[in-house]
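The exercises below are meant to be worked through with the sequence and the structure side by side. Each task is followed by a solution that goes step by step.

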Amino acid sequence: MKPAQSYLKTHAPTSWSELPWGEYYRAAIEEAMQPWWSKFFGFHLLKIGHLSTEIASDQCSISHQVSAVEQGYNTQVLASPYQLPFAEKSVDVCLLLHTLAYGTDPHRILREVDRILTDDGWLVTTHFNPLSLLGVGKLLPLLRHREPYVSRMFTRIRILDWLHLLNYQVMHQSHFHVLPWHKRGGGSAMNTHLTALGCISLTIARKRTLPLTLMPIKFATRKPCFSRAVGVTKNYS
């Protein structure tokens, strides 16, 4: 397994339209996110990266939505995903849509997002599935240096392992859009029966924080219980 940290920096696209069939991917992600917008609640929603910014989230109940990108125009915050200018536990929902795929150190990005997420906050990530028709193109020398094959592709087990180490509970994980060049990904039948071959992977997780201090009140109310031994008699000489 290759290390997560890479010294080869890949230029991240500033729009889904820069990717071949990118608008198909954006529409597929928005369709997969429809049932989840109503479940997110809180005060602040953060979109990290240009691709996250273009995802429509008007159905989300969180009114204050902020976009953070490294460079560009028409954005609220200019910041690196490795050093986000937000206070600890101040963001309720964070979108990392294909942000890890173009980062040199995805571990560091996840740790930074974990720092700013509130307890029980939501984390949404997407990336390309290497075990798909799109992932096969990454093995071809003529395609591996082109978009979208140049992006990093992580397996489902690897993403779940990173989230479990940070104590996240995975609420949803799915693959969809089997045919990359098709507008509907091959149709509903193919996306239903061949989900493992979907080129887009969606993971929705929730941050879980366990208390590390004991509750003294509970222990103070407990009293030791001693029971008499059965069958013990006194011996008198």
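**Exercise 1. Decide whether L110 is buried or exposed, and say where in the fold L110 is found.**

Solution. The model is a predicted one, and the first step is to place the residue: L110 belongs to helix α3, which covers residues 106-116. The second step is to compare its accessibility with the cut-off, since a residue is called buried under 20% relative accessible area. L110 has a relative accessibility of 4%, and therefore it counts as buried. As a third step, look for a residue that is remote in sequence: Y82 lies 28 residues from L110 along the chain, and the C-alpha atoms of the two are separated by 8.7 Å. For the protein as a whole, buried residues make up 44% of the 237 residues.

**Exercise 2. Work out how many helices and strands the protein has, and in what order the strands lie in the open sheet.**

Solution. Begin with the count, which comes to 7 helices and 7 strands. Reading from the N terminus, the elements follow one another as α-β-α-β-β-β-α-β-α-α-β-α-β-α. Next, turn to the open sheet, whose 7 strands are arranged in the order β3-β2-β1-β4-β5-β7-β6, with mixed pairing. Its edge strands are β3 (77-78) and β6 (168-176), each of which pairs on one side only.

**Exercise 3. Find which residues are the bridge partners of L45 in β2 and in β4.**

Solution. Take the β2 side to start with: β1 and β2 run parallel and are joined by 5 bridges, and in β2 the bridge partner of L45 is Q65. Then take β4 (residues 91-97), which also runs parallel to β1 and is joined to it by 3 bridges; here the bridge partner of L45 is V93. It is worth adding the burial of the strand, for β1 is mostly covered, with 4 of its 5 residues buried. Finally, follow the sheet on from β2 to β3, two strands that run parallel and are joined by 2 bridges, where A68 has V77 as its bridge partner in β3.

**Exercise 4. Describe how the rings of F40 and W122 are placed, and name the aromatic cluster to which they belong.**

Solution. A search of the whole structure gives 5 aromatic pairs. One of them is formed by F40 and W122, whose ring centres are 5.1 Å apart and whose planes make an angle of 55°, so the pair is classed as tilted, this class lying between the limits of 30 and 60 degrees. The pair links distant parts of the chain, as F40 sits in the loop between α1 (22-33) and β1 (44-48), whereas W122 is in strand β5 (residues 117-128), 82 residues apart. Both residues, F40 and W122, are buried. Widening the view, W36, W37, F40 and W122 form one aromatic cluster, and K39 lies over the face of W36, at 4.3 Å from the ring centre.

**Exercise 5. Characterise the second largest pocket by its volume and by the residues that line it.**

Solution. First, the volume: the second largest pocket holds about 480 Å³ of space. Second, the lining consists of 25 residues, and the closest to the pocket centre are A12, H50, E70, P81 and Y102. Third, the elements that give two or more residues to this lining are α2 (50-53) and β2 (64-69). Last, sort the lining by residue type, which yields 12 nonpolar, 11 polar and 2 charged residues.

How values were computed
Residues numbered from 1 in each chain as written. Predicted model: local features only at pLDDT ≥ 70, side-chain atom pairs only at ≥ 80, totals over all residues. Heavy atoms only, no water. 1 Å grid on protein atoms, 1.4 Å probe; cavity = no way out; pocket = protein on both sides within 12 Å on 5 of 7 lines; lining within 4 Å. Points joined across faces, edges and corners; volume = space filled by probe spheres on them. Nonpolar A, V, L, I, M, F, W, Y, C, P; charged D, E, K, R; others polar. Phe/Tyr/Trp six-rings, centres within 6.5 Å; stacked < 30°, edge-to-face > 60°. Buried < 20%, exposed > 50% of the residue type's maximum accessible area, 1.4 Å probe, protein only. Lys NZ or Arg CZ within 6 Å of the ring centre and 35° of its normal. Pairing = 2+ DSSP bridges.
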